[in-house]
Amino acid sequence: MALTVVGSIAFDSVRTPFGERERMLGGSAVHFALAASFFTDVLIVGPVGDDFGAEHLAVLSAHGIATDDIEHVARGKTFFWRGHYEHDMNFAHTDETQLNVFAEFEPKLSRRSRESQMLFLGNIQPELQRDVRRQSSASFAALDSMNLWIETTRESLIVAIGEIECLMLNDAELRMLTEQPNLVHAARATMELGPEVVVAKRGEYGAVLFTDDGSFAIPGLLLEDVRDPTGAGDSFAGGFLGYLDAVRIAGGHDDRALRQAMAYGSVMASFNVEDFGTERVSSLTEAEIADRLSAFKRLTHFEEAPIVR
Ligand code: AMP
């Protein structure tokens, strides 16, 4: 099985209360691909500029991620994002966004990328997401976005959401998109646009899954070291879709697999936030992933018991 991802391939400059870093490897597609690579074969699609070196490509290839559909634009500059976090690390403050090579990007998916059963349309302009969706023959496509695109390209985003099976947004973005203050109503309103699965990401508080069968919630792991939350949402999506692809679930009707995927998404997001950029996830081991899955089970498991008085 294979999973294709399109989204930003970026350099990020980030400041948090725990330090700062300049021009780290980042971007929605990169964070997603690294997390998903622990579960399935991943193909990454997107443009980079002259400033994207062999050492950056090597981080992806070291995880077996197929980079053939990364387009090198001569004399171009790679997407750049600068942001910071205050003490509430659930909210990223954007200081600068340079689309650079993404402004002119016309995706052309190779045959292999088109044929993946699963597709992730990571955060990028909705028109690009639509273009990739049209080229792909995936039976299950998921989409992420952000406040910038909700504010500036709302109509295209709504059309893009109508063309996918699974929507993965932050709770605040779901409320903003639907203008519904209640999360359940917001999720149901987006399901009416098309997706059969909606995942509301809630930062350190975890995530909620909505399908026709009902909902499922998982908390965030209570971590002592959180240094940089950038990419947590994409790492969640990578664990979630990577697992679904590995167990060959391409649809919203396998409740058991969707719940397990929510747990793996949370596991990957919890690692992502422990260090800056891609540092923690790119050096992870399968044993660490398995241990953390057990930690989630211990955190959430309880036996149903009647009241005794
Ligand atoms: P998240 O998982 O939401 O924390 O995503 C973080 C990543 O999104 C960073 O690595 C940024 O490079 C990327 N990013 C920030 N703004 C944008 C944007 N407007 N379009 C696409 N990617 C973005």
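Helices here are DSSP runs of H or I with at least four residues, strands are runs of E with at least two, and both are numbered from the N terminus. The structure you are looking at is a predicted model. Let's explore it step by step.

**Exercise 1. Find the buried residues of helix H7 and decide how they are arranged around its axis.**

Step 1. Locate H7 at residues 171-178. Its buried residues are Glu173, Leu174, Leu177 and Thr178.

Step 2. Look down the axis: these residues cover an arc of only 115°, which puts them on the same side of H7.

Step 3. Recall a rule about helices: an α-helix has 3.6 residues a turn, so residues three or four places apart point the same way.

Step 4. Now see what lies against that side. The packing partners are helix H5 (147-152), strand S10 (166-170), helix H8 (183-191) and strand S11 (197-201).

**Exercise 2. What follows H7, and is that residue buried or exposed?**

Step 1. Go one step past the helix and you meet Glu179, whose phi is positive, near 55°. Glu179 is a residue other than glycine.

Step 2. Place Glu179 in the chain: it sits in the loop between H7 and H8.

Step 3. Count its surroundings. A residue is exposed if 12 or fewer other C-beta atoms lie within 10 Å of its own. Glu179 has 8 C-beta neighbours inside 10 Å, so it counts as exposed.

Step 4. Try another residue, Arg75, whose phi is also positive, near 65°. Arg75 belongs to the loop between strand S5 (70-72) and strand S6 (79-84). It counts as exposed because it has 7 C-beta neighbours inside 10 Å.

**Exercise 3. Which residues of H8 are buried, and what covers them?**

Step 1. Pick out Ala186, Ala187 and Thr190, the buried residues of H8.

Step 2. Check their directions: they fall within an arc of 95° seen down the axis, so they line one face of the helix.

Step 3. List the cover, which includes helix H6 (154-161), S10, H7, S11 and strand S12 (207-211).

**Exercise 4. Describe the two faces of strand S8 and the strands joined to it.**

Step 1. Sort the residues of S8 (118-121) by face: Met118 and Phe120 lie on one side, with Leu119 and Leu121 on the other. These four are all buried, and both faces are covered.

Step 2. Turn to strand S1 (residues 2-6), which runs parallel to S8 and is joined to it by 4 bridges. Here Val6 has Leu121 as its bridge partner.

Step 3. Then take strand S9 (residues 140-143), also parallel to S8 and joined by 4 bridges. Leu119 has Ala141 of S9 as its bridge partner.

**Exercise 5. Which members of the largest nonpolar core touch the most other members?**

Step 1. From the 84 residues of this core, choose Val5, Ala33, Ala142 and Phe240.

Step 2. Ask where the core comes from: helix H10 (residues 255-272) gives the largest share, 8 residues.

Step 3. Zoom in on Ala33. Leaving out residues up to four places away in sequence, it touches Val5, Val42, Ile44, Leu60, Ile65 and Gly238.

**Exercise 6. How many residues surround the ligand, and which are the closest?**

Step 1. The shell has 18 residues, and the closest are Ser8, Ala10, Gly26, Trp81 and Gly233.

Step 2. Strand S2 (10-16), helix H1 (28-36) and helix H9 (232-246) each give two or more residues. The largest share, 3 residues, comes from H9.

Step 3. Sorted by class, the shell has 6 nonpolar, 10 polar and 2 charged residues.

Definitions and conventions: Residues are numbered from 1 along each chain as its sequence is written. This is a predicted model: local features need pLDDT of at least 70, side-chain atom pairs count only at pLDDT 80 or more; totals for chains, interfaces and linings use all residues. A residue is buried if 20 or more other C-beta atoms lie within 10 Å of its own, exposed if 12 or fewer, and partly exposed in between; C-beta atoms are placed from the backbone. The arc is that of the directions from the helix axis to the C-beta atoms. Two residues are in contact if their C-beta atoms, placed from the backbone, lie within 7 Å. A nonpolar core is a set of buried Ala, Val, Leu, Ile, Met, Phe, Trp, Tyr and Cys residues joined through C-beta atoms within 7 Å. A residue is near a molecule or strand if its C-beta atom, placed from the backbone, lies within 6 Å of it. Ala, Val, Leu, Ile, Met, Phe, Trp, Tyr, Cys and Pro count as nonpolar, Asp, Glu, Lys and Arg as charged, and the others, Gly among them, as polar. Two strands pair if DSSP finds at least two bridges between them.
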